[in-house]
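Open the model in your viewer and set the cartoon view. Keep a selection box ready. This tour goes stop by stop.

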Amino acid sequence: MAKEDISNLRRQLHKLEDKKEELLADIKKLHKNTDILRSVSEENARFQKEMLDDLGKSKYRYVLADSVERSRQAGRAGVQQLEDLAEEYNTKLVKLDKEYAELQEQYKKARAEKDSKKENGE
């Protein structure tokens, strides 16, 4: 394998390493944002329940109850979307790891071939 091919493989490995680092950082941010959204959503639900309890049997309670339920559903949907996105990123990370391993194997073979030719004086 030519020196240019080995250099190209090395560059591809570095690009994949960079992509992996970016993906890991994005996954970490997603998990953090999911935790924040979940926490805010839970706190909002507790606050709204207290408001409903304070209203007792008031006619406004029924209007507010519908709004509270929609808010809870929106919070759960937002958390689910972030969790789904994190899962999608994890799937991409697994594919990237596999691609990296294959490319690394090609690189090792190319280096071994080059070193072998060098030792044999070719």
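Which kind of contact do the side chains of Asp35 and Arg38 meet in? Select both and show sticks. They meet in a salt bridge, with N to O at 3.3 Å. Keep in mind that this is a predicted model.

**Stop 1: the Asp35 pair**

Stay on these two residues. Asp35 and Arg38 both belong to helix α1, and they sit 3 residues apart, so about one helical turn separates them. Colour by accessibility next. Asp35 has a relative accessible area of 48%, so it is partly exposed. Arg38 is partly exposed as well, at 27%.

**Stop 2: helix α1**

Zoom out and select residues 3–55, which make up helix α1. Put a distance label between the end C-alpha atoms: they are 77 Å apart. The 53 residues of α1 should span 78 Å at 1.5 Å a residue, so the two values agree. Now step past the end of the helix. Gly56 follows α1, and its phi is positive, near 60°.

**Stop 3: helix α2**

Select residues 59–119 for helix α2. Count its residues and you get 61. From first C-alpha to last, α2 reaches 90 Å, close to the 90 Å expected at 1.5 Å a residue. Look just after the helix as well. Gly121 takes a positive phi there, of about 75°.

**Stop 4: the two helices together**

Show α1 and α2 in two colours and draw their axes. At what angle do the axes of α1 and α2 cross? The crossing is at roughly 165°, and the axes come within 8 Å. An angle over 145 degrees counts as roughly antiparallel. α1 and α2 are therefore roughly antiparallel to each other. Their crossing is left-handed. By class, the residues in the contact of α1 with α2 are 28 nonpolar, 13 polar and 18 charged.

**Stop 5: a salt bridge between helices**

Select Asp97 and Lys20. These side chains form a salt bridge, with the closest N and O atoms 3.0 Å apart. The pair links distant parts of the chain: Asp97 is in helix α2, Lys20 is in helix α1, and their positions lie 77 residues apart in sequence. Switch to the backbone for a second distance. The C-alpha atoms of Asp97 and Lys20 are separated by 7.8 Å. Is Asp97 buried or partly exposed? Asp97 counts as partly exposed, at 32% relative accessibility. Lys20 also counts as partly exposed, at 32%.

**Stop 6: Arg76 and Glu69**

Move on and select Arg76 with Glu69. Their side chains meet in a salt bridge, at 3.4 Å from N to O. Arg76 counts as partly exposed, with 49% relative accessibility. Glu69 is partly exposed too, with a relative accessible area of 31%.

Now return to the pair from the first stop and add Glu83 to the selection. Asp35, Arg38 and Glu83 are joined into one network by salt bridges that share partners. For the full set, search the whole structure: the total is 9 salt bridges.

**Stop 7: Tyr89**

Select Tyr89, which is in helix α2. Is Tyr89 buried or exposed? Its relative accessible area is 18%, so Tyr89 is buried. The cut-off for buried is under 20%. Add Asp26 and draw a C-alpha distance. Tyr89 and Asp26 are 63 residues apart along the chain, and their C-alpha atoms are separated by 8.1 Å.

**Stop 8: His14**

Finish on helix α1, where His14 is found. At 42% relative accessibility, His14 counts as partly exposed. Add Lys114 for one more C-alpha distance. How far apart in space are His14 and Lys114? The C-alpha to C-alpha distance is 20 Å, for residues 100 apart in sequence.

Technical notes:
Residues are numbered from 1 along each chain as its sequence is written. This is a predicted model: local features need pLDDT of at least 70, side-chain atom pairs count only at pLDDT 80 or more; totals for chains, interfaces and linings use all residues. Side-chain values use heavy atoms; hydrogens and water are left out. Axes are lines fitted to C-alpha atoms, for helices over the stretch in contact, and angles run from 0 to 180 degrees between N-to-C directions. Helices (H or I, at least four residues) and strands (E, at least two) are DSSP runs, numbered from the N terminus. Angles under 35 degrees count as roughly parallel, over 145 as roughly antiparallel, 65 to 115 as roughly perpendicular and the rest as oblique. A crossing is left-handed if the near helix is turned anticlockwise from the far one by less than a right angle, and right-handed if clockwise. Ala, Val, Leu, Ile, Met, Phe, Trp, Tyr, Cys and Pro count as nonpolar, Asp, Glu, Lys and Arg as charged, and the others, Gly among them, as polar. The expected span of a helix is 1.5 Å times one less than its number of residues. A salt bridge is a side-chain nitrogen of Lys or Arg within 4 Å of a carboxyl oxygen of Asp or Glu. Buried means under 20% relative accessible area, exposed over 50%, partly exposed in between (1.4 Å probe, protein chains only).
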